[in-house]
Amino acid sequence: MAMIANKCKGTIVTVVDLNADRIAAWNSGNLPVYEPGLDEIVSQNRGKNLFFSTDVDEKIREADIIFISVNTPTKDYGAGSGQAADLRFVESCARGIAKAGGGDKIVVEKSTVPVRTAQMVKEILDSANNGYSYQVISNPEFLAEGTAMADLENPDRVLIGGDTSEEGQVAVEKVVSIYANWVEKERIITTNLWSSELSKLTANAFLAQRISSINAISALCEASEADVDEVAKAIGTDSRIGPKFLKSSIGFGGSCFQKDVLNLCYLCRHFGLPEVAGYWEQVIQMNEYQKERFVTRLLDSMFNTVSGKRLAILGFAFKKDTNDARESPAISICRRLLEEKANLAIYDPRVSKSSILSTLGWSEEQAEGRIHFCSTAEEACDRANAIALLTEWDEFKELNYASIYANMQQPAILFDGRNLLNLKSLREIGFRAHGIGRD
Ligand code: UGA
């Protein structure tokens, strides 16, 4: 929304939320989300044509176009628990819009939703019987965290799906006209509602599948002395395959990939397609296998026990340049290491202590003496038996590993879960260094 405000100076954008603390943070100098470049865009436009408010009903009434941008987590109760998307926030937005009234409106699904959700939104809006007419549009978001501003400024495509009726097409064109302020027309794809909704889940499923595919090959590389980065480069130069999203790692994380693939599996089963569901479930299973494999290799290299040993954890975010730790692969790896009775010294340049504790499901009291929260990488590595590098922060490339090595217990072990470092130089220093798919 900040980017829309920035690019469409004649349009008033108001972001509303029921959570007053969040809105206060958006109105302050300390935004609740860390994203490179976002602070500048917000501060340049806030108070001009970009506003943050808790006055939900009033702002709905005033708006011509409403973007539903609430979260759609995996359901953790009742039917479909563990797979289906929880749509209660989307539903309550639709009900809120219907109740607020205020005129004819275009309602845009920005949240990631299962195919056919627009039907539910439509039915709720139509049953309001308030004399106003509503058009529902699907406009999924493809930005990635950490590169959000560049992705929004210069998207590969903008996808807009709408009803094929005449009124539906008018609404589609209205939404197209917003993006056309800065995105070339050729990159704005319009489709029917269901294709747009399904394309979002499919795009994330394909991206996640690429990571699981290269991670599957990484296991074979370790067994065969091939190097997964070399294999990725060799296959990525085939223009039909392409070079992106072939970086082998400890597994994908983030709030989207797992949730969306699970949701896709749920939809397939719902529509009576268990074979298709089974195919996509493998993407998740491979991701779990990759995380567990990392822990097993670490344990093997530490004489099968980490009990009482100090392990430095470098990075907790699910990727670099974000403070987001949701579904980070670091969570299950740290949990497993804690189960094995290791003591962890965690350093991440952006993820807060409270976020680490809450994602691990540990209280401050439980963490006492078992988890140390460090303010530098050097502090985390001090007297450690091993280092596990779990997020590819740039600063980890620049550390003085010779001096880190000198302050560690011997033999000093390093596991690079992101293939960020040069293993050969680390070995020259004296580290027993390991990567993913390249030992
Ligand atoms: C992902 C998609 O890339 C976006 O297009 C989509 O809009 C977004 O989900 C969403 O649905 O909201 P995001 O989760 O922010 O974006 O981050 P990604 O860059 O896709 O990374 C996801 C995970 O995959 C990270 O843990 C990352 O480290 C891992 N990854 C990525 C790899 O292990 N290897 C790669 O080659 C690329």
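**Burial, ligand shell and backbone of a predicted model**

Q: What share of the 439 residues in the protein is buried, and how is "buried" decided?
A: Buried residues make up 49% of the 439 residues in the protein. A residue is called buried under 20% relative accessible area, exposed over 50%, and partly exposed in between, with a 1.4 Å probe and protein chains only. The model is predicted: local features need pLDDT of at least 70 and side-chain atom pairs pLDDT 80 or more, while totals for chains, interfaces and linings use all residues. Residues are numbered from 1 along each chain as its sequence is written, and side-chain values use heavy atoms, with hydrogens and water left out.

Q: Why is the protein called as compact as a globular protein of that length?
A: The secondary structure of the protein comes to 18 helices and 13 strands, these being DSSP runs (H or I of at least four residues for helices, E of at least two for strands) numbered from the N terminus. The radius of gyration of the protein is 24 Å, close to the 22 Å that the globule rule gives for 439 residues, so the protein is as compact as a globular protein of that length. That radius is taken over C-alpha atoms, and the rule is 2.2 Å times the number of residues to the power 0.38. Along its principal axes the C-alpha trace spans about 75 × 50 × 45 Å.

Q: What portion of the contacts in the protein with a separation of 6 or more joins residues 24 or more positions apart?
A: Such pairs account for 73% of those contacts, a contact being heavy atoms within 4.5 Å.

Q: What makes helix α13 (residues 329-339) largely enclosed or largely open?
A: Eight of the eleven residues of helix α13 are buried, so the helix is largely enclosed by the rest of the structure. The buried residues of α13 are P329, A330, I331, I333, C334, R336, L337 and L338. Their cover includes α12, β8 (310-314), β9 (343-347), α14 (353-360) and β10 (371-373). Just after α13, K341 takes a positive phi of about 70 degrees.

Q: Why is R297 classed as it is, buried or exposed?
A: R297 has a relative accessible area of 15%, and is therefore buried. R297 belongs to helix α12 (residues 274-301). Apart from neighbours within four places in sequence, R297 is in contact with E222, F415, H434, G435, I436 and D439.

Q: How do you know whether S255 is buried or exposed?
A: The relative accessibility of S255 is 18%, so S255 counts as buried. S255 sits in the loop between α10 (228-236) and α11 (257-270). With neighbours within four places in sequence left aside, S255 is in contact with E145 and R326.

Q: What makes S195 buried, exposed or partly exposed?
A: S195 has a relative accessible area of 33% and is therefore partly exposed. S195 lies in helix α9. The C-alpha atoms of S195 and S138 are separated by 9.2 Å, although the two residues are 57 apart along the chain.

Q: Which class do R116 and E327 fall into, and why?
A: R116 stands at 40% relative accessibility and so counts as partly exposed. E327, with a relative accessible area of 45%, is therefore partly exposed. R116, which is not a glycine, has a positive phi of about 90 degrees, and its place is the loop between β4 (105-109) and α6 (117-126). E327, also not a glycine, has a positive phi of about 55 degrees and lies in the loop between β8 and α13.

Q: What is the omega of the cis peptide bond that joins Q410 and P411?
A: The omega of this bond is about -5 degrees. P411 lies in the loop between α17 (401-406) and β12 (413-416).

Q: Which of the 20 residues around the ligand come nearest?
A: F142, L143, K200, S249 and R418 come nearest; a residue counts as near if one of its heavy atoms lies within 4 Å. Helix α9 (residues 193-224) gives the most to this shell, with four residues.

Q: What makes the approach of K200 to the ligand a polar contact?
A: An N or O atom in the side chain of K200 is 2.7 Å from an oxygen atom of the ligand, and a polar contact is a pair of N or O atoms within 3.5 Å. Ligand oxygen atoms also lie 2.8 Å from a backbone N or O atom of E145 and 2.9 Å from a polar backbone atom of G253. Taken alone the ligand exposes 710 Å², of which the protein buries 88%; these accessible areas come from the Shrake-Rupley method with a 1.4 Å probe, and for residues only the protein chains shown count as cover.

Key. Polar contact = N/O pair within 3.5 Å; in protein donor to acceptor, adjacent residues only side chain to side chain.
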